[in-house]
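Trainee: Could we go through this model together? I would like to begin with the backbone and then turn to the contacts.

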Amino acid sequence: MATLELNNIVKEFGDTQVIKGVDLEVKDREFVVFVGPSGCGKSTLLRMIAGLESASSGDIKVDGQRINEVGPAERGLAMVFQSYALYPHMTVEDNMGFSLRLAGVPKAERRQKVLEAARILQLENLLDRKPKALSGGQRQRVAIGRAIVRNPSIFLFDEPLSNLDAALRVQMRIELARLHDELDATMIYVTHDQIEAMTMADKIVVLQGGVVEQVGSPMELYHHPRNRFVAGFIGSPKMNFTEVEVLDANAEGVSVRLPGGSECRVPVDGGDCRPGDTLTLGIRPEHLTLDDQGPLSGKIVVIERLGGVTSLYLDADGDEWILVADGDVSHRVHDAVRFGFEPGRAHLFAEDGLALASLERHPLVNVERKENRASTSGDDH
Amino acid sequence: MNQTLSKKLVLTLLAWFIALVVFFPIFWMILTSFKTEGEAVATPPSLFFDPTLAGYHEVMARADYVKFALNSVIVSVGSTLLALLVAIPAAYSMAFLPTPRTRGTLLWMLSTKMLPPVGVLMPIYLIFRDLGLLDSLTGLTIVYMLMNLPIVVWMLYTFFKDVPRDILEAGRMDGAGTLQEVLYLLMPLTLPGIASTGLLSVILSWNEAFWSLNLTTSDAAPLTAFIASFSSPEGLFWAKLSAASTMAIAPILILGWMTQKQMVRGLTFGAVK
Amino acid sequence: MRDRASGRTVGGMRTLFLQAPAVSMLLLWMLVPLGMTLWFSFQRYNLLNPMISGFAGLDNYTYLLTDPALWTAMGNTLLLVGWVLAITVVGGTLLAVLFQQEFFGRGIARLLVIAPFFVMPTVSALIWKNMMMHPVNGVLAWLFNLFGFHAVDWFSSLPLTSIVIIVSWEWLPFALLILLTAIQSLDDDQVEAARMDGAGPIAIFWFITLPHLKRAISVVIMIEMIFLLTIFAEIFVTTSGGPGLASTNLAYLIYIRALLDFDVGGASAGGVIAIILANIVAIFLVRTVAKNLET
């Protein structure tokens, strides 16, 4: 069992509060991703879990035990650093076996454990090399191997893919997902790349300014973002936002006036909304469709053709819209187009940034990525 | 293409010309050491001659040359070892256990190196006289140790700081305590830096020519003082003097050539790297 | 200040303990002699005349400051430092640019050109005195005669110039080494961008290379100043400050007063002046280094 619990963690550096009260729960064998913009505190949080920084207040518990005072090595965790932090003067084999050597494990047993980890990561024929003779991807695997050898209860990854080139990154993403499946271990992963978060996580923790904005599965965050920040952070290209005026609110949803004049009823819980209030409408580029009768219009400023999809950057009287359309669309720059969307795909955000709750939840939100072999699953929230 | 080739040629010739001119005096001295005394003072100066090792033999046969050479070795190496002994813990604490005072301490150490030796010539001389340290190897070693200590601490500090923080953190995650961290990670990674620091200290001590001239006379004189004693020209001994000088400067020349890069770091207190 | 969850002490006691030997030794080394120099400078104390003693107030200083010997020495010091600085910095910069280029045998040429810095000052002085500048047997004498000029008796007629030549020869490699290291950190991209903008080699040198070297040049100047203020061995071995006081600098004057005249009071007063001069330069150097420090 390897569960993690963070209770009201606060971290101060001098006078600044970097982490402002974080509560979190990580279940056994979950792959949890901490994601957020630079400076949001995700790496600090990870380092506190690792024991490399101390928490100013709050509890960190692993398997129910409070470990705030326990040193990094005794916590039974292993960390893969962003820069890999391999020992430059030791061979790959020595790098991976270092922790065992410090623990006094005899040579034969050390070698065997190192070989096991090397096999999983396909490093067998690199064991005698020194780090400087390895490529970036190989070094990264050695760093992971070093962690595996320790047989930790939780793996910690600090932006491991950010030093790799784009193609390698995609490849390693898949390998890490495969690794998670094979090792069946709890993993906590920090990144600023929301694509990594979306593709690998069982659960995503979105952080900003030292505060948790939302915790949920990738689909939950995508379809039901809790506030404007999460809505704009998750998803690429970024969600479109525009200001709209409330016309009325009833049990079917909230009716708003779109730019250009037309009306639209979005199926969300209006709550205290009054006619005349200003809300923000959010709609993802992939949910906009080109429609000659559509309520919105604009002029194409930039076209990005990727072959399978085409991104259209539109200008509508000063408002910027991004629309992702099928790859075979034949429009050109400077063309005027009309477009629209399905109301059920739209989001409404109040003045404080909070989203108005959807009346219907998306069917994929509660589907787990794989059969969780642990006893209970059920609602995460 | 032709233009670049001729430019290259001019460049090469110019650089080599300057290099040879600058090196010439040293070259001439080395050459003279292989001449006989008569040839050494011949005019016009001779470039081609029958080389002989007579000069070297005679110099090395002098018991006191060997003594002076040994003095240089003892004082240089001794002061370096002492300096390293004291400097390594200090630099370690400054690099890895910094306090708000650390920066001030480092800069203050730097400032002590800028004290002109001549400013304290009188008191040091009198103190040494009263403590019986005049003309003693101990006295000179202590002075050199203190003179080089700031540079040694500084260089070691910069080398320690160069060790990436994550490697040490990874060591802590792997379970290394302080002693193991120092033994298995720090030492192997900083040994080259410690070595070049030591070499720089040896070079500076070996070539030091103020205290060695003023605090020693016959017993503890290192090579600097010995060579200085021949300052009045007497004509018929240049070949031997050249031989003695060549032997005196050869080791340091080689050491200096080997440690060029690190010297820059040490001599500029890290301001130029 | 970094925190450690494992409970190890940060800074504090441990740091103090580890630094104690180095700091206390340097403290002693600095305070005791400095204190004594200061004390002696206010005393009437001459080792050759132990009968005379007592507080001298500012007598030593007044005597010194009205002594024309001091001003000659200061003037010589200024000339010496100024000329050597000019030669080594300008020469060092130009040579650094030259040696930055690729050419055949660059590695060896570089070794040859930095060699003088590693030769001990007494040997340097003797090489120049006996082999180069000797009016009868020296190489320069032979060269001059070759071109039909009279040989110059360097140390008699141009004593200070001779010292300048010797010291410049010794320190040019130092400047070259430092500036070459600094030049090597210049981005190739910058130079290429300048070339695309139409800059010729002189423009590149003036607008790109020189500004880049500003920091290093100032460091070289400051360090050289500190060491050049107290040139000693070269004078000791060649001219002994002469003829007369023509090649005596402040350091040598203090030496004469201290160990030849045994005038403790006077020498100490001179020492204080030397320390003050050095400190002025030191302040600037410490500030530059401090800026570079990222503790």
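Trainee: Is A:His334 buried or exposed?

Mentor: A:His334 counts as exposed, because it has 8 C-beta neighbours inside 10 Å. A residue is exposed if 12 or fewer other C-beta atoms lie within 10 Å of its own, buried if 20 or more do, and partly exposed in between, with C-beta atoms placed from the backbone. Please keep in mind that this is a predicted model, in which local features need pLDDT of at least 70, side-chain atom pairs count only at pLDDT 80 or more, and totals for chains, interfaces and linings use all residues. Residues are numbered from 1 along each chain as its sequence is written, while chains are lettered from A and ligands numbered from 1 in the order in which they are written.

Trainee: What is the phi of A:His334?

Mentor: Phi is positive there, about 80 degrees, although A:His334 is not a glycine. Most residues other than glycine have a negative phi.

Trainee: Where does A:His334 lie?

Mentor: In chain A, the loop between strand 18 (319-326) and strand 19 (336-341) holds A:His334. Helices (H or I, at least four residues) and strands (E, at least two) are DSSP runs, numbered from the N terminus.

Trainee: And what about A:Asn8, where is that found?

Mentor: A:Asn8 belongs to strand 1 of chain A, residues 4-13. Its phi is also positive, near 45 degrees, and A:Asn8 is exposed, with 12 other C-beta atoms within 10 Å.

Trainee: Which residues does the cis peptide bond join?

Mentor: The cis bond links A:Ser236 and A:Pro237, with omega about 0 degrees. A:Pro237 sits in the loop between helix 8 (228-233) and strand 11 (240-250) of chain A. Most peptide bonds are trans.

Trainee: Changing topic, how is chain A divided into domains?

Mentor: Domain 1 covers 4-231 and domain 2 covers 237-359; such bounds come from an automatic or database domain assignment. Taken over C-alpha atoms, the centres of the two domains of chain A are 38 Å apart.

Trainee: How many residues of the two domains are in contact?

Mentor: In chain A, 7 residues of domain 1 contact 9 residues of domain 2, where contact requires C-beta atoms, placed from the backbone, within 7 Å.

Trainee: And between the chains, how many residues does the contact take?

Mentor: Chain A gives 16 residues and chain B gives 13. On the chain B side, helix 8 (165-173) and helix 9 (178-207) each supply at least two residues, and the largest share, 6 residues, comes from helix 8 of chain B.
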